Amino acid sequence: MSRFATIDVGSNSVLLLVAERTPEGRFEAVRERAEITRLGRGVDATRRLSAEGMEATLQVLESFAREARELGAEGIAVSATSAARDAENGAEFLAAAKARANVTVEIISGAMEAELSFAAVHSDFSSDAAGPLLVLDIGGGSTEFIYGNRGGHVDFRHSFDVGAVRMTERFVGADPMTSEDRARVEAHLHNTFRALPAPPPGAALVGVAGTVTTLYAVQHAIHPYVAEQVHGGTLSVGQLSALADRLCAMPLEVRRALPGMQPKRADVIPAGALILLESVKALGLDACRVSDRGLRWGLLAHRFGAGATSS
């Protein structure tokens, strides 16, 4: 069976997927890895990728590309999202990635990011959904909302410049977060999400990416992280509200030690929890399903699935 790899370079983390394409055209994971490198640190204020963020990300990108090739990947597709889109020196990062990891990084638009995330969710959740699917992708620098139907057609998509890193850098000045800081985050999110159209009747919401999976893992104390125990789970509004209260009031060192927490994500998880909570409330829903398979799976199907041209 043929093997292919995708690497998703986000504002907060870098994710690797190496998968085999079966004769039936399905993909089965061979290896999945994730490292938090914080490429998007400071971009909201400076509009530039920092030297530290680029170096940490390039080191992981080199390692992941090497690992994918050692596992026999015939092609590697690499995408970069919010931080690289927003940064004035994004081209510098792309050139360094080519020189050091011998990969071509494609900076994808918010619209394409939404399409790929929806494709990944649709393949896993459409059979369970009684009605339309909504996908929420919370990243470090941006959050995408995608409304689609069970047939896989996207009816609405929008990328908002709110993410766990961006909201933390912009509004949070103390540890733990003060009530004033929290109020500013919530007010900004409430005003931002007012632009969302009402979801179609009977819609089910599925959240993807590290903020959502981490919150589920912390809620259920899943340690070490086991994807199968997270994928397909549900977080209710009540659980999210209590979890946000808990995380926002908790000092960083205590958050880092929580079962299910990625220590490097602990500084931005309170803002991430608020984004998820305010998103669910803005949509008028009472729960969010959880997907461990996000953009990297959508990119895999887009680049190496049936009818795609490998490169």
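Colleague: In which sense do β9 and strand β11 pair, and over how many bridges?

Modeller: Start with the general idea: strands of a sheet pair through backbone hydrogen bonds, either parallel or antiparallel. In this predicted model, β9 and β11 (residues 287-290) are parallel partners, joined over 2 bridges. To find the place on screen, look for G207, which stands opposite V290 in β11.

Colleague: Which other strand pairs with β9?

Modeller: That is β6 (residues 133-138), again in the parallel sense, over 5 bridges. Here L133 is the residue opposite A204 in β9.

Colleague: How many of the residues of β9 are buried?

Modeller: Strand β9, residues 204-208, is mostly covered, with 4 of its 5 residues buried. Just after it, have a look at A209, in the loop between β9 and α8. Its phi is near 85°, a positive value in a residue other than glycine. A209 is partly exposed, with a relative accessible area of 28%.

Colleague: Where else is there a positive phi in a residue that is not a glycine?

Modeller: Try N102, with a phi of about 55°. You will find N102 in the loop between α4 (90-101) and β5. N102 has a relative accessible area of 48%, so this residue counts as partly exposed.

Colleague: Let's turn to the antiparallel case. What do β7 and β8 form?

Modeller: They form a hairpin with 5 residues between the two strands. β7 covers residues 143-148 and β8 residues 154-160, and they pair in the antiparallel sense over 6 bridges. Within that ladder, Y147 faces F156 of β8 as its opposite number. In the turn, G152 has a positive phi of about 100°.

Colleague: What is the order of the strands in the open sheet?

Modeller: The order is β3-β2-β1-β4-β5, an open sheet of 5 strands with mixed pairing. β3 (27-36) and β5 (105-107) are the edge strands, each pairing on one side only. From one strand to the next, the twist averages 20°. As you follow a strand, keep one general point in mind: in a regular strand the side chains alternate between the two faces of the sheet.

Colleague: In which sense do β1 and β4 pair?

Modeller: Parallel, over 5 bridges, with β1 at residues 2-9 and β4 at residues 76-80. D8 is placed opposite S79 in β4.

Colleague: Which helix lies across β1, β2, β3, β4 and β5?

Modeller: Helix α13, residues 295-304, lies across those strands and runs at about 130° to β1.

Colleague: How do I read two helices that pack together?

Modeller: Two packed helices are described by the angle between their axes and the distance between the axes. Take α8 (residues 210-219) and α12 (residues 269-282): their axes come within 10 Å and cross at roughly 100°. The two helices are therefore roughly perpendicular to each other. On the α8 side the contact is made by T211, V212, T214 and L215, and on the α12 side by I269, G272, A273 and L276.

Colleague: Why does the end-to-end distance of α5 agree with its length?

Modeller: Helix α5, residues 110-125, has 16 residues, and at 1.5 Å a residue they should span 22 Å; the end C-alpha atoms are 22 Å apart, so the two agree. At the start of α5, a side-chain oxygen of S109 comes to within 3.0 Å of the backbone nitrogen of M112. The buried residues of α5 include G110, L116, S117, F118 and V121.

Colleague: Which side chain makes a polar contact with the side chain of S117?

Modeller: The side chain of D137 does, at 2.8 Å. S117 has 0% relative accessibility, so this serine counts as buried. Leaving aside residues up to four places away in sequence, S117 touches V135, D137, I146, V208 and L295.

Colleague: One last thing to check: which peptide bond before P176 is cis?

Modeller: The bond from D175 to P176 is cis, with omega near 0°. P176 sits in the loop between α6 (164-171) and α7 (179-193). Have a look at H223 to P224 too, where the peptide bond is cis with omega near 0°. P224 belongs to the loop between α8 and α9 (227-230).

Terms used. Residues are numbered from 1 along each chain as its sequence is written. This is a predicted model: local features need pLDDT of at least 70, side-chain atom pairs count only at pLDDT 80 or more; totals for chains, interfaces and linings use all residues. Side-chain values use heavy atoms; hydrogens and water are left out. The expected span of a helix is 1.5 Å times one less than its number of residues. Buried means under 20% relative accessible area, exposed over 50%, partly exposed in between (1.4 Å probe, protein chains only). A polar contact is a pair of N or O atoms within 3.5 Å; within protein, one must be able to donate a hydrogen and the other to accept it, and residues adjacent in sequence count only if both atoms are side-chain atoms. Two strands pair if DSSP finds at least two bridges between them. Axes are lines fitted to C-alpha atoms, for helices over the stretch in contact, and angles run from 0 to 180 degrees between N-to-C directions. Angles under 35 degrees count as roughly parallel, over 145 as roughly antiparallel, 65 to 115 as roughly perpendicular and the rest as oblique. Contact means heavy atoms within 4.5 Å.
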